[in-house]
Structures are given as structure tokens and as C-alpha cells.
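Biologist: I would like to go through this fold with you, strand by strand. Shall we start once the structure is up?

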Amino acid sequence: MMRLRQYLICAAAIAGLSLAGCSGTSLVPNTSQGSDGKNGQPGPSFTQFTDIPMPSNSSLDMDRSIIFGASDAWHGRLVLNTGGSQAQMYDFYEREMPNFGWSKVTVVRADISVLVYDRENRVATIKLTGGSFAGSIVDITVSPKG
């Protein structure tokens, strides 16, 4: 019975990945929308992810990101390279996640900070690390709750 369950979960994941590849949506930031708040200049907008705040000074690391689903029902991992410091990103997510309907579960502010939120039937874990030269890396994992 357990082996059948594992097989079904694996098959569902493969099917989801296949369907996501056929969806026609792109994970590349759309710079034609949004604003970075500086003289109204366009900034990156991750239009596929409407339920997670995205810093305006960030870019998506496509090699390290994997997404299943779309809109408010996606799960997977997003890795962002940001121009903001780790402290700025911590403050940004702590301030913005509740505005997107996420409730704080726990946070750890340290050299590697971790913020955990839940919303309906999903959990978001945000790991913040310093970048190699400047800025920071934001690693967002969203998974089903339970």
C-alpha cells in the first residue's frame, strides 16, 4: 500500500512538471510592469507569482528554481538574487507576507535567517543568506501543508 502511494505521488509530480512546462507561462521577470519606486522606472515583476511578494531589485535564478502549478496554487522553490542586503530582505518579507495573506509561524534572524509562514493549505519557508559580492540570496520554498 505504501509503495502504491509513493508511486502515485511520483506520477503526480511528473505529470505536474509536464503540465507546467506546457502552460506557456514564463518564470523570467517581466520588466514591462511594476515600479521600483525610483522616479517611476519600471522594475521587475514576477507576474506568475501573485501570492508571494517579490522585491523590485531581484532576479530569478532559473537554474536553482523549480515550480509546479501556477497562480495561487503553485508549490516548489524560487531562488532570487537581490540587490538588497539580507537585513533589508528580512524586513521586506516580515512586512509584506501578511499583506499577501500569510501568517507568521516562526522566524530566526541570524547569519542565515529563516522565516516560516502558512496560508490556507500551504507553508512558505524563506531562507535569507548574504550574496557573494553584494546583495543577498532569497530561497523561497512553498509546499502543501501537512
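Biologist: How many bridges join strand E4 to E5?

Modeller: This is a predicted model. In it, strand E4 covers residues 103–108 and runs antiparallel to E5. A hairpin of four residues joins E4 to E5. Val108 stands opposite Val114 in E5. The bridges between E4 and E5 number five.

Biologist: Over how many bridges do E5 and strand E6 pair?

Modeller: Strand E6 spans residues 122–130, and E5 pairs with E6 in the antiparallel sense. Tyr117 stands opposite Ala124 in E6. The hairpin of E5 and E6 has two residues between the strands. The number of bridges is seven.

Biologist: Is strand E5 largely enclosed or open?

Modeller: Strand E5 takes in residues 113–119. Buried means under 20% relative accessible area. Five of the seven residues of E5 are buried, so the strand is largely enclosed by the rest of the structure.

Biologist: Take Ser113, in strand E5. Which residue has its backbone oxygen 3.1 Å from a polar atom of the Ser113 side chain?

Modeller: Ser113 is buried, with a relative accessible area of 2%. Beyond four places in sequence, Ser113 touches Gln86, Tyr90, Val108, Ile126, Lys127 and Leu128. The backbone oxygen that lies 3.1 Å from a polar atom of its side chain is that of Ala110.

Biologist: What is the phi of Glu120, in the loop between E5 and E6?

Modeller: Most residues other than glycine have a negative phi. Glu120 goes the other way, with a positive value. Glu120 counts as exposed, at 66% relative accessibility. Its phi is near 50°.

Biologist: Which residue in the turn between E6 and E7 has a positive phi?

Modeller: E6 and E7 run antiparallel, joined by nine bridges. One bridge partner pair there is Ala124 with Val142 in E7. The hairpin has five residues between the two strands, and the turn residue with a positive phi, about 75°, is Gly135.

Biologist: Which residue in E7 does Leu80 stand opposite?

Modeller: E3 and E7 run antiparallel, with seven bridges between them. Leu80 stands opposite Val138.

Biologist: Now the interior. Which element gives the most residues to the largest nonpolar core?

Modeller: The largest nonpolar core has 22 residues, and those with the most contacts inside it are Ile52, Leu78, Tyr93, Met97, Ile126, Val138 and Ile140. Strand E3 (75–82), helix H2 (86–96), E5, E6 and strand E7 (136–144) each supply at least two residues of this core. The element that gives the most, with four residues, is H2.

Biologist: Where does Ile52 lie?

Modeller: Ile52 is buried, with a relative accessible area of 1%. Leaving out residues up to four places away in sequence, Ile52 touches Trp74, Met97, Phe100, Trp102, Ala124, Ile140 and Val142. The place of Ile52 is the loop between helix H1 (2–21) and strand E1 (58–60).

Biologist: How far apart in space are Ile52 and Tyr93, C-alpha to C-alpha?

Modeller: Both residues are among those with the most contacts inside the largest nonpolar core. In sequence they are 41 residues apart. In space, Ile52 and Tyr93 are 9.1 Å apart, C-alpha to C-alpha.

Biologist: Which residues of E7 does Ile126 contact, beyond four places in sequence?

Modeller: The contacts of Ile126 include Tyr93, Met97, Ser113, Val114, Leu115 and Tyr117. Strand E7 spans 136–144. Within that range, the contacts of Ile126 are Val138, Asp139 and Ile140.

Biologist: In what order do the elements run from the N terminus?

Modeller: The protein has two helices and seven strands. Of its 146 residues, 32% count as buried. From the N terminus on, the order is α-β-β-β-α-β-β-β-β.

Biologist: Over which residues does pLDDT stay under 50?

Modeller: The mean pLDDT of the protein is 76. Residues at 70 or more make up 68%. The low stretch has 41 contacts beyond four places in sequence in the model. pLDDT stays under 50 over residues 10–45.

Technical notes: Residues numbered from 1 in each chain as written. Predicted model: local features only at pLDDT ≥ 70, side-chain atom pairs only at ≥ 80, totals over all residues. Heavy atoms only, no water. Buried < 20%, exposed > 50% of the residue type's maximum accessible area, 1.4 Å probe, protein only. Contact = heavy atoms within 4.5 Å. Pairing = 2+ DSSP bridges. Polar contact = N/O pair within 3.5 Å; in protein donor to acceptor, adjacent residues only side chain to side chain. Core = buried A, V, L, I, M, F, W, Y, C linked by side-chain atoms within 4.5 Å. pLDDT = per-residue confidence, 0-100.
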